[in-house]
Amino acid sequence: MRAYWYDDKQGDKRLPHDSGSPVSESYLHALGVIYKHCPSISAVDALATERAYKNRDEITVSPAKMGAVYEEKLRVFVQEHLHEDEEIRYILDGSGYFDVRSEGDDRWVRIGLEKEDLLILPAGIWHRFTTDEGDYVHAMRLFKEEPKWTPLNREAALEENPYRKEYVLQRARAVKAGLRPRK
């Protein structure tokens, strides 16, 4: 895993867009984002048990697997959105990027993931996903309940969504408790 500030330059989102300014794992944690390196499925199984994930599936995002709908699906994934559930992804093969919004200044933090990386995004965080230039990622998705993936695309009204409000409240509590690390 490698995290850094997104450079906000125009162009293909699959490019690195590396500003040259790294972001620490502790800053990600302050955003509610959890990263784990899991060198085996047994490590994923242990985490699933610990966090009460009951279901899982796998998805391959690539032109070879998805055919003509690949570019359309990628446009959906890269739209800024939130979920009302945690989003858990374990990279089985390939690589890609999750971008999450920062605290306060609403900048993008880019998180590059590759094989054996596992990322947990909290419910209510603004984020997006894209493959990298390799156009291939094979990931396991874990779920607390029945598998579902319902993105709620960003709009002002969603600031009143109960999951978004809880996320913002949790981040405010962390800041108040002095848990906000340096970027």
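This report walks through the empty spaces, two helices and a few loop residues of a predicted model.

## The spaces inside and at the surface

Let's start with the hollow parts. Rolling a probe the size of a water molecule over the atoms shows where empty space is left. In this model, there is 1 cavity of 30 Å³ or more. Alongside that cavity, two pockets are described here, and the table puts the three side by side.

| Space | Volume | Lining residues | Lining make-up |
|---|---|---|---|
| Largest cavity | about 180 Å³ | 15 residues | 9 nonpolar, 2 polar, 4 charged |
| Largest pocket | about 330 Å³ | 18 residues | 7 nonpolar, 2 polar, 9 charged |
| Second largest pocket | about 250 Å³ | 17 residues | 7 nonpolar, 2 polar, 8 charged |

Take the cavity. If you want to find its centre in the viewer, look for Phe 77, Glu 87, Arg 89, Phe 98 and Phe 129, the lining residues that lie nearest to it. Four strands each put at least two residues into this lining: β4 (55-61), β6 (87-101), β9 (127-131) and β10 (137-143). Of the contributors, β6 gives the most, with 4 residues.

Now for the largest pocket, with its roughly 330 Å³ of space. The lining residues closest to the centre of this pocket are Glu 84, Asp 85, Glu 86, Phe 143 and Lys 148. Two elements, β6 and β10, give two or more residues to the lining. Here again β6 gives the most, this time with 3 residues.

The second largest pocket has Ser 102, Glu 103, Gly 104, Arg 164 and Tyr 167 nearest its centre. Its largest share of lining comes from a helix, α5 (residues 162-176), which supplies 6 residues.

## Helix α5, up close

That helix deserves a visit of its own. With 15 residues at 1.5 Å a residue, α5 should span 21 Å, and its end C-alpha atoms are indeed 21 Å apart, so expectation and model agree.

Which residues of α5 are buried? They are Arg 164, Tyr 167, Arg 171 and Ala 174. Looking down the axis of α5, you'd see these buried residues fall within an arc of 85°, so they line one face of the helix. Two of those names may ring a bell: Arg 164 and Tyr 167 also sit among the residues nearest the centre of the second largest pocket.

Turn the helix around and the picture changes. The face of α5 pointing away from its buried side carries Pro 162, Arg 173 and Lys 176, which are exposed. As for what covers the buried residues of α5, the list includes α1 (25-30) and β5 (81-82).

## Helix α4, with one side tucked in

Helix α4 runs over residues 70-77, and Tyr 70, Leu 74 and Phe 77 are its buried residues. They take up an arc of only 60° around the axis, which means they sit on the same side of α4. The cover over these buried residues includes β4, α3 (63-66), β5 and β9. Phe 77 ties this helix to the cavity, as it is one of the lining residues nearest the cavity centre.

## Three residues in loops

A few loop residues round off the tour. Most residues other than glycine have a negative phi, and most peptide bonds are trans. Two residues here have a positive phi instead.

His 17 is one of them: its phi is near 50°, and it is not a glycine. You'll find His 17 in the loop between β1 (2-6) and β2 (18-22). Is His 17 buried or exposed? Its relative accessibility is 7%, so His 17 counts as buried.

Glu 116 is the other, with a positive phi near 80°. This residue lies in the loop that links β7 (108-114) and β8 (117-121). At 23% relative accessibility, Glu 116 counts as partly exposed, because the buried class stops under 20%.

Glu 146 comes last, in the loop between β10 and β11 (152-153). With a relative accessibility of 60%, Glu 146 counts as exposed. Where does the chain bring Glu 146 relative to Tyr 53? The two are 93 residues apart in sequence, while their C-alpha atoms are 9.8 Å apart in space.

Terms used: Residues are numbered from 1 along each chain as its sequence is written. This is a predicted model: local features need pLDDT of at least 70, side-chain atom pairs count only at pLDDT 80 or more; totals for chains, interfaces and linings use all residues. Side-chain values use heavy atoms; hydrogens and water are left out. On a 1 Å grid over the protein atoms alone, a cavity is a set of points where a 1.4 Å probe fits but cannot get out, and a pocket is an open set with protein on both sides within 12 Å along at least five of seven lines; lining residues have an atom within 4 Å of a point. Grid points are joined across faces, edges and corners, and a volume is the space filled by probe spheres set on the points. Ala, Val, Leu, Ile, Met, Phe, Trp, Tyr, Cys and Pro count as nonpolar, Asp, Glu, Lys and Arg as charged, and the others, Gly among them, as polar. The expected span of a helix is 1.5 Å times one less than its number of residues. Buried means under 20% relative accessible area, exposed over 50%, partly exposed in between (1.4 Å probe, protein chains only). The arc is that of the directions from the helix axis to the C-beta atoms. Contact means heavy atoms within 4.5 Å.
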